[in-house]
Amino acid sequence: MADIELRVFRYFVVLAEERHFARAAERLGISPSTLTHQIQGLEARLGVTLCRRKPNTRVEVTDAGVRFLDQARQVLRQAEEAQRVARQAARGEIGRIEIGHMMSASFAGYIQEFVGAFRRANPAIEIVLRRQETLGQLNAIVEGKLDIGFTRPMRQYPPELRGFIVYEQPLIVALPGDHRLAQRKRIRPAALRDEKFITASLELDIGFPVYTELVTVLAGFKPNVTVRAPDISSVLTYVSAGYGISVVPQCMRRLGLPNVAYRELDVASPPLSPIACVYRRTESAPAVQAFIQVMHDRKLRD
């Protein structure tokens, strides 16, 4: 059936339903002679008789025609479904979006709130979430393995990417539960001058190591970084084990590791930890574009 035009399937279905060439032709908006010619051509191509003319131009569908009718209707339904799906895809109503996110974006509740809301509004769009640190996300988006990334923002993105900040939260200090400063409700940056700092590896998490300097610069000293861990979970594990302290986004207090105390900074305006939405500059997939637009709209409301 692959070489039969879709309109010919429709011609036969209407003829089989009307059982009359003149009425079928009128319903199709063509002449009876054109319909006759098309049906004869279809029968010749298939090598079977699909219908027989009866007195008064009535039509009798043969056994072969009845079987062909079922298949023809199925072909038409599939064609209509294909058109519907194509239109939905073009409007961004269906599709698949691969989204990367940092652990802090998840703990901040940002992923749950806004990705969840987008899914409820667009149930036909499949969304896949993958936890990955900033540098890994940026590479994956460039390579087409991810569509969207929730990452730490960069001063300058690679030429293939764009990004904008969608969320910010205060930085706080994470320290061992038995640390002397854990007795305070708030900690002044100057009190951290002699502490050992734990931060993420420079090559693994762009932006995170800067958090420490954002705090220590307030007191005019350079941090003594003694441990660099592969991710924020490992950073807090080192803190829990008493290796030192760390500067982390406020949401990480939800991780609930034992022997880790979280304290706010005793400053008028604490430094902020931003989260950016990053995507390909040339992105053309309607579903992904729709998601980016939602994030832009959210940014404008904040």
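Buried, both of them: that goes for arginine 280 and for aspartate 147. Here, buried means under 20% relative accessible area, exposed means over 50%, and partly exposed is in between (1.4 Å probe, protein chains only). What you're looking at is a predicted model, where local features need pLDDT of at least 70 and side-chain atom pairs count only at pLDDT 80 or more, while totals for chains, interfaces and linings use all residues. Residues are numbered from 1 along each chain as its sequence is written, and side-chain values use heavy atoms, with hydrogens and water left out.

**Exercise 1: the whole chain**

Work out how the radius of gyration of the chain compares with that of a compact globule of 302 residues.

Solution. Start with the rule: the radius is taken over C-alpha atoms, and the globule value is 2.2 Å times the number of residues to the power 0.38. For 302 residues that gives a value near 19 Å, but this chain comes out at 32 Å. Next, check the box: along the principal axes, the C-alpha atoms fill roughly 105 × 35 × 30 Å. Then look inside, where 45% of the 302 residues are buried. Finally, count the elements: there are 10 helices and 12 strands. These are DSSP runs numbered from the N terminus, with helices (H or I) of at least four residues and strands (E) of at least two.

**Exercise 2: the two sides of a helix**

Which residues of α3 are buried, and which are exposed?

Solution. First, place the helix: α3 covers residues 32-46, which is 15 residues. From first C-alpha to last it reaches 21 Å, close to the expected 21 Å; the expected span is 1.5 Å times one less than the number of residues. Second, list the buried set: Leu35, Thr36, Gln38, Ile39, Leu42 and Glu43. Down the helix axis, these residues fall within an arc of 165°, so they line one face of α3. That arc is built from the directions from the helix axis to the C-beta atoms. It helps to know that an α-helix has 3.6 residues a turn, so residues three or four places apart point the same way. Third, turn to the other side, where Ser33, His37, Ala44 and Arg45 are exposed. Last, step off the end: glycine 47 follows α3, with a positive phi near 75°.

**Exercise 3: following a strand**

Find the strands that pair with β6, starting with β12.

Solution. The test is simple: two strands pair if DSSP finds at least two bridges between them. Begin with β6 (residues 161-176) and β12 (residues 272-280), which are antiparallel over 9 bridges. Within that pairing, leucine 161 has arginine 280 as its bridge partner, and glutamine 169 stands opposite serine 273. Move on to β10 (residues 246-249), which runs antiparallel to β6 over 4 bridges; there, leucine 171 is partnered by proline 249. Then comes β11 (residues 260-265), antiparallel to β6 over 5 bridges, with leucine 175 opposite alanine 261. Now go back to β12: β5 pairs with it too, antiparallel over 4 bridges, and threonine 151 faces alanine 276 there. To finish, ask how enclosed β12 is. Of its 9 residues, 8 are buried, so β12 is largely enclosed by the rest of the structure.

**Exercise 4: salt bridges**

How many salt bridges does the model hold, and which residue does arginine 280 bridge to?

Solution. Set the rule: a side-chain nitrogen of Lys or Arg must lie within 4 Å of a carboxyl oxygen of Asp or Glu. By that rule there are 17. One of them joins arginine 27 and glutamate 18, at 3.0 Å from N to O. Arginine 27 has 46% relative accessibility and glutamate 18 has 22%, so each counts as partly exposed. Another joins glutamate 60 and arginine 52, at 3.8 Å. Arginine 280 pairs with aspartate 147, with their closest N and O atoms 2.8 Å apart. That pair links distant parts of the chain, 133 residues apart: arginine 280 sits in β12, and aspartate 147 in the loop between α7 (134-142) and β5 (148-151). Elsewhere, salt bridges that share partners join Glu17, Glu18, Arg23, Arg27 and Arg73 into one network.
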